[in-house]
Amino acid sequence: MKRPQFLTHIRPRTWVVAGVIVLALAGGSIYWFGFAVPANTKSTVAAPITTAASLTTMQKTVDSDGTATPTVNDSVSFAVSGTVTAVPVVAGTTVTAGQVLATVDTLSLDAAVLEAQATLATASVCGVR
């Protein structure tokens, strides 16, 4: 097949420039219509929610994994040993000096006091000093 007469007089450099322009226009069109984000799309950032002020409790829950460490950690020791019967404070509560933290079953302590009193009474009767 023979080229038309007007195409044979165009220089090769002109063909290269025309080809580059066509490729640039095709690439720009593909980008513009295929990959570019349209200007009217909404943002993915959540809009703030506003409400009227009220005296109600608002509760939010966040789930996460990790280790929680207290800012202040104190050891507590008791003067006696025994079974703890009550703990009037809960974890995280701020306490003051002298506040009762736990109640211990005093049955064994009362028995020990009665035994000591009986031993003292027996010794007093027998004349042991």
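This is a dialogue about how to read a predicted model of a single chain, from its overall layout to a surface patch and a pocket.

Biologist: Where should I begin, and how many helices and strands are there in the chain?

Modeller: A sensible start is to list the elements and then to follow their order, keeping in mind that the model is predicted. Here the chain holds three helices and two strands, and along the sequence they follow the pattern α-α-β-β-α.

Biologist: What share of the residues of the chain counts as buried?

Modeller: Burial is judged from relative accessible area, with buried meaning under 20%. In this chain of 129 residues, 2% count as buried, while the accessible surface comes to about 12,800 Å², with 63% of that area belonging to carbon and sulfur atoms.

Biologist: Which residues make the nonpolar surface patch?

Modeller: V17, I21 and L25 make the patch, which covers about 290 Å². One of these residues, I21, lies in helix 2, which runs over residues 12-35.

Biologist: Why does I21 count as partly exposed?

Modeller: The class between buried and exposed runs from 20% to 50% relative accessible area, and I21 counts as partly exposed because its relative accessibility is 47%.

Biologist: How should I read the largest pocket, and which residues line it?

Modeller: With a pocket, one can take the volume and then the character of the lining. The largest pocket here has a volume of about 330 Å³, and its lining consists of V72, N73, D74, V76, V89, V90, A91, G92, T93, V95 and L101. Divided by character, these lining residues are seven nonpolar, three polar and one charged.

Biologist: Where is V76 placed, and is V76 buried or exposed?

Modeller: V76 sits in the loop between helix 2 and strand 1, the strand of residues 84-86. Exposed means over 50% relative accessible area, so V76, at 52% relative accessibility, counts as exposed.

Biologist: How many residues apart in sequence are V76 and L101, and what is the distance in space?

Modeller: The two residues, both part of the pocket lining, are separated by 25 residues in sequence and by 9.2 Å in space, taken from C-alpha to C-alpha.

Definitions and conventions: Residues are numbered from 1 along each chain as its sequence is written. This is a predicted model: local features need pLDDT of at least 70, side-chain atom pairs count only at pLDDT 80 or more; totals for chains, interfaces and linings use all residues. Side-chain values use heavy atoms; hydrogens and water are left out. Patches are made of residues with over 30% relative accessible area and no salt bridge: like charges are joined within 9 Å, nonpolar side chains (Val, Leu, Ile, Met, Phe, Trp, Tyr) within 5 Å. Accessible areas come from the Shrake-Rupley method with a 1.4 Å probe; for residues, only the protein chains shown count as cover. A salt bridge is a side-chain nitrogen of Lys or Arg within 4 Å of a carboxyl oxygen of Asp or Glu. Helices (H or I, at least four residues) and strands (E, at least two) are DSSP runs, numbered from the N terminus. Buried means under 20% relative accessible area, exposed over 50%, partly exposed in between (1.4 Å probe, protein chains only). On a 1 Å grid over the protein atoms alone, a cavity is a set of points where a 1.4 Å probe fits but cannot get out, and a pocket is an open set with protein on both sides within 12 Å along at least five of seven lines; lining residues have an atom within 4 Å of a point. Grid points are joined across faces, edges and corners, and a volume is the space filled by probe spheres set on the points. Ala, Val, Leu, Ile, Met, Phe, Trp, Tyr, Cys and Pro count as nonpolar, Asp, Glu, Lys and Arg as charged, and the others, Gly among them, as polar.
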